[in-house]
Amino acid sequence: MKSAVIVFPGSNREGDVVRALKQAGSDVQKVWHADHELPKGTDLVVLPGGFSYGDYLRCGAIAGRAAVMDAVRAHAARGGLVLGICNGFQILCESGLLPGILMRNANLKFICHRQFLKVERNDTAFTKAYAQGQAIDVCVAHGEGNYTADAETLKRLEGEGLVAFRYCDAQGHVTADANRNGSMNSIAGIYSTKLNVLGMMPHPENLIEDLVGGTDGRGLFESLVSSFPHAA
Amino acid sequence: MKARVTVTLKNGVLDPQGKAIEGALKSLGVEGIAGVRQGKVFDIELETGDKNAAEASLKAACEKLLANTVIENYRVELI
């Protein structure tokens with residue numbers, strides 16, 4: 001499998017995600033935001049976390065309109081896989097690839113802690129290595145992760161099963177306490193209609209080694225690589 | 001020609017920053033504040049002297065970048 005990790009000015013989690021992809025068995029190339037094309041044969045595009053363009057105007061607003069995003073939109077339109085993590089999720093929302101927006105955390109605080117996520121469905125390219133309803137242990141680190149959408153969009157996301165992950169406790173219960181940024185319906189990640197684009201605030205790429213306390217994040221990258229058996 | 005674009009949150013959209021400012025004003029003892037909503041102001045210099053062309057450019061600027069119309073309204077004033 002071939003992955004392209006897009007680097008914007010101010011991205012800072014690209015190294016972590018490159019490592020997680022390589023560990024799972026993917027070829028990885030970094031792509032600069034000013035490029036107009038993705039490397040030939042790209043299966044997966046990853047928009048990593050960070051603070052692209054210093055979060056000027058709105059988080060992800062400038063990056064969402066960068067030159068390379070036309071190529072990313074075309075890739076997604078062809079059914080290609082796209083994963084946006086943290087700032088990458090904000091960029092996906094700003095670029096129109098996913099609906100809604102990530103607003104300032106409801107408590108106004110930057111949150112940075114371990115977080116359990118409930119896997120809403122395990123029949124997608126991103127989650128097949130997990131069990132449905134499994135509570136996975138990952139990290140969050142953001143100031144603007146408060147998922148917000150209008151009532152109609154929210155109803156569509158729920159109705160079409162496009163919620164990927166929800167904030168939950170260690171037992172998998174979706175509680176108000178576990179939803180520390182105030183997201184609507186405790187949403188931590190959503191899919192596009194065709195399930196080929198995933199945006200999520202938490203960082204699975206940071207829990208891939210026993211050395212740092214957990215490996216629950218590996219499943220996401222292993223799921224992606226196993227979606228391309230010819231290259232595994 | 002110059003313009004001022006004001007971007008504000010739509011009614012009903014939670015504005016935690018506005019709420020924090022409101023709280024800070026209260027704690028400073030500023031009286032008579034019923035509520036605060038935070039927005040953004042852009043002062044824009046236009047190349048054109050034509051009012052219609054200016055309005056078209058500004059509308060495109062707002063729709064494409066300055067406002068996220070999921071949560072924000074914008075207002076354009078030519079000055």
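So, before anything else: when I say two strands pair, I mean that DSSP finds at least two bridges between them. Keep that in mind for our opening example, where Lys2(B) stands opposite Glu45(B) in strand S2(B). And please remember that everything today comes from a predicted model.

Let's stay with chain B for a bit. Lys2(B) and Glu45(B) face each other, and around them seven bridges join strand S1 of chain B, residues 2–9, to S2(B), with the two running antiparallel. Which order do the strands take in the sheet of chain B? It's S2-S1-S3, an open sheet of three strands with antiparallel pairing. S2, residues 39–45, and S3, residues 72–78, sit at the edges with a single partner strand each, so one side of each has no neighbour in the sheet. From one strand to the next, the twist averages 15°.

Now add a helix. Helix H2 of chain B, residues 51–66, packs on that sheet and touches S1, S2 and S3 of chain B. Its direction makes about 155° with that of S3(B). If you walk along the sequence of chain B, you read β-α-β-α-β, which is two helices and three strands.

What about the overall shape of chain B? Its C-alpha trace spans about 45 × 25 × 15 Å along the principal axes. The radius of gyration is 16 Å, where a compact globule of 79 residues would be near 12 Å. How much of chain B is buried? Just 10% of its 79 residues count that way.

Okay, over to chain A. Here we have five helices and 11 strands. The radius of gyration is 16 Å, and the globule rule gives 17 Å for 232 residues, so chain A is as compact as a globular protein of that length. The C-alpha trace spans about 45 × 35 × 35 Å along its principal axes, and buried residues make up 55% of the chain. As for contacts in chain A with a separation of 6 or more, 75% come from residues 24 or more positions apart.

One strand to look at is S9 of chain A, residues 163–168. Six of its six residues are buried. S9(A) has antiparallel pairings with two strands I'd like to show you. With S6 of chain A, residues 111–119, there are four bridges, and Phe116(A) stands opposite Cys168(A) there. With S10 of chain A, residues 187–191, there are three bridges, and Arg166(A) stands opposite Ile187(A).

Then there are the cores. In soluble globular proteins, nonpolar side chains tend to be buried together. In this model the largest nonpolar core has 74 residues, and Ile6(A), Leu117(A) and Leu224(A) have the most contacts inside it. Take Ile6(A): beyond its neighbours within four places in sequence, Ile6(A) is in contact with Val31(A), His33(A), Val45(A), Leu47(A) and Val68(A). A second, separate core of six residues includes Leu58(B), Cys62(B), Ala67(B) and Tyr74(B).

Last stop, where the chains meet. How many residues does each chain bring to the contact? Chain B brings seven and chain A brings 11. On the chain B side, helix H1, residues 16–27, gives the most, with three residues. That side divides into five nonpolar, two polar and no charged residues.

How values were computed
Residues numbered from 1 in each chain as written. Chains lettered and ligands numbered in written order. Predicted model: local features only at pLDDT ≥ 70, side-chain atom pairs only at ≥ 80, totals over all residues. Contact = placed C-beta atoms within 7 Å. Nonpolar A, V, L, I, M, F, W, Y, C, P; charged D, E, K, R; others polar. Axes fitted to C-alpha atoms, helices over the stretch in contact; angles between N-to-C directions. Buried ≥ 20, exposed ≤ 12 C-beta atoms within 10 Å, placed from the backbone. Rg over C-alpha atoms; globule rule 2.2 N^0.38 Å. Core = buried A, V, L, I, M, F, W, Y, C linked by C-beta atoms within 7 Å.
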